[in-house]
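I opened my notebook today to look at how some helices pack against each other. Here is the model I had on screen.

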Amino acid sequence: MPFPRPSRIPLPGPARVPLPRPSRTRPALLAAGGAALLALTATVPSAAAPVRPDRAGAGPVVLDWYDVTARTVAATAAPTQITNSRTWAVGWTAAARAAHEAPGGGASRDRFQDAAVASAVHDVLVVLAPSRKDDLDTALAATLAGIPDGPAEDRGVAAGARQARAVLAARAGDGLDPASSNAPFPVPPAAPGVWQPTPDGYAPAIQYGNRLARPFLLERADQFRPGPPPALDSGRYRADLEEVRAYGAADSTVRTPRQTETANFWFSGSLTLYTDALRVAVARSHGSTADRAALLALFHAASVDTQIATSDAKYTYLRWRPVTAIRTGSTGTDPAWRPLHNTPAHPDYPSGHTTYAGAAQAVLDALAGPVTEPVELTSPTAPGVRRTYTGWDQLTRDNVDARVYSGIHSRTADEAGARLGETVGRYALSHADRLLSGRL
């Protein structure tokens, strides 16, 4: 008899709890976020209405420097995602703070904000990606050439340079560099449920050091640590493992072509996959240059903190990966079983992909609206495939399913990750004033 579809797997243990959705009412957001979030959400449309396309002429400098940041990070990418997320977070935190210094209103304010954003992001990237200095200087010159000369432009440039220096100094030695992120991890003795290096390469554990890094907004790495994964003798665990065994196998006979496509599409790194999605949200935002910069700062600060929280939980529980459980576990060993995709070199619980997705959903729901016009995305791990989404929660749900279909995570790990990410994202929103005012 064929194995049941994932949505119909019988669960003798606790019922699966749907992923929590953030509050969609502006009063709740404002109560949580304080004065800074009030400024950010003042122009967010209601959740019931789709976000309209970008207004002509609104925020072109933010989009220009978004693209400059994306190109710079791609060209100088660190081997650790959290380091690349840090680059985004530092640059756009400096930009948001500088832009919010703009006095008065009207054209002078707009000129100040545009110059401040360009100056701040430029100066941060020159320090973090010095090999790109010529390209960055050219981009800055182009931006400033489009801003009328005068006091507003000059003060904006100065504010951007000042905030870039301040944020870079504040984040110095934060433990988010590749060497610190991949600090050596002493593998524990093999035992049921305990993580061990996985085939094919049996590579050493990665991202162990993230748990020791300094967050942007969280008080500590374990602030929202989820409870432990299901016991190995529980019905929930058995159901999870059988789902992965059936749907995540390289030679699965029950996984549909669409499910395989989902696994392939979302196998790419989270930062890569969300870069286009976030750009759409920024382009469709109704906010000012300062508000858009703040959206980017909060998104990436939350993503860094989420990766820190994920590493804390992974290396606290040390839950083995499905491939180890299926090949050596007591539920019926299958030494020849292979997952669709090679298993990343860190523990199962919780899933880092879905934790990132949960944080992204929380920030985008709050600051861009949870319902969007269609967003078309592509993926480097699924050439030629285009996926269309109409809500940020749909990206999270595909992430949850994809890691099961890839054969590399249990559904419990995926769902716990999405919940953890949303919690961290909401916390970042509620403490936005600390990030944007420099009180860190």
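Before anything else, I noted my cut-off: a residue counts as buried when its relative accessible area is under 20%. I also reminded myself that this is a predicted model.

Entry one, helix H3. I looked up how covered H3 is, and found 18 of its 19 residues buried. I then checked its span: from first C-alpha to last, H3 reaches 27 Å, close to the 27 Å expected at 1.5 Å a residue.

Entry two, H3 with H6. I took H3 as residues 81–99 and H6 as residues 151–170, and found their axes 8 Å apart at an angle of about 135°. That angle makes H3 oblique to H6. I wrote down the hand of the crossing too, which is right-handed. Next I listed who meets whom: Val90, Thr93, Ala94, Arg97 and Ala98 come from H3, while H6 brings Ala159, Gly160, Gln163, Ala164, Val167 and Leu168. Sorted by class, this contact holds 7 nonpolar, 3 polar and 1 charged residues.

Entry three, H9 with H14. At what angle do these two cross? I got roughly 100° for H9 (residues 257–265) and H14 (residues 392–405), with the axes coming within 8 Å. Angles from 65 to 115 degrees count as roughly perpendicular, and H9 and H14 are therefore roughly perpendicular to each other. On the H9 side I noted Gln259, Thr262 and Ala263, and on the H14 side Asp398, Ala402 and Tyr405. My class tally for the contact of H9 with H14 reads 3 nonpolar, 2 polar and 1 charged.

Technical notes
Residues are numbered from 1 along each chain as its sequence is written. This is a predicted model: local features need pLDDT of at least 70, side-chain atom pairs count only at pLDDT 80 or more; totals for chains, interfaces and linings use all residues. Side-chain values use heavy atoms; hydrogens and water are left out. Axes are lines fitted to C-alpha atoms, for helices over the stretch in contact, and angles run from 0 to 180 degrees between N-to-C directions. Helices (H or I, at least four residues) and strands (E, at least two) are DSSP runs, numbered from the N terminus. Angles under 35 degrees count as roughly parallel, over 145 as roughly antiparallel, 65 to 115 as roughly perpendicular and the rest as oblique. A crossing is left-handed if the near helix is turned anticlockwise from the far one by less than a right angle, and right-handed if clockwise. Contact means heavy atoms within 4.5 Å. Ala, Val, Leu, Ile, Met, Phe, Trp, Tyr, Cys and Pro count as nonpolar, Asp, Glu, Lys and Arg as charged, and the others, Gly among them, as polar. The expected span of a helix is 1.5 Å times one less than its number of residues. Buried means under 20% relative accessible area, exposed over 50%, partly exposed in between (1.4 Å probe, protein chains only).
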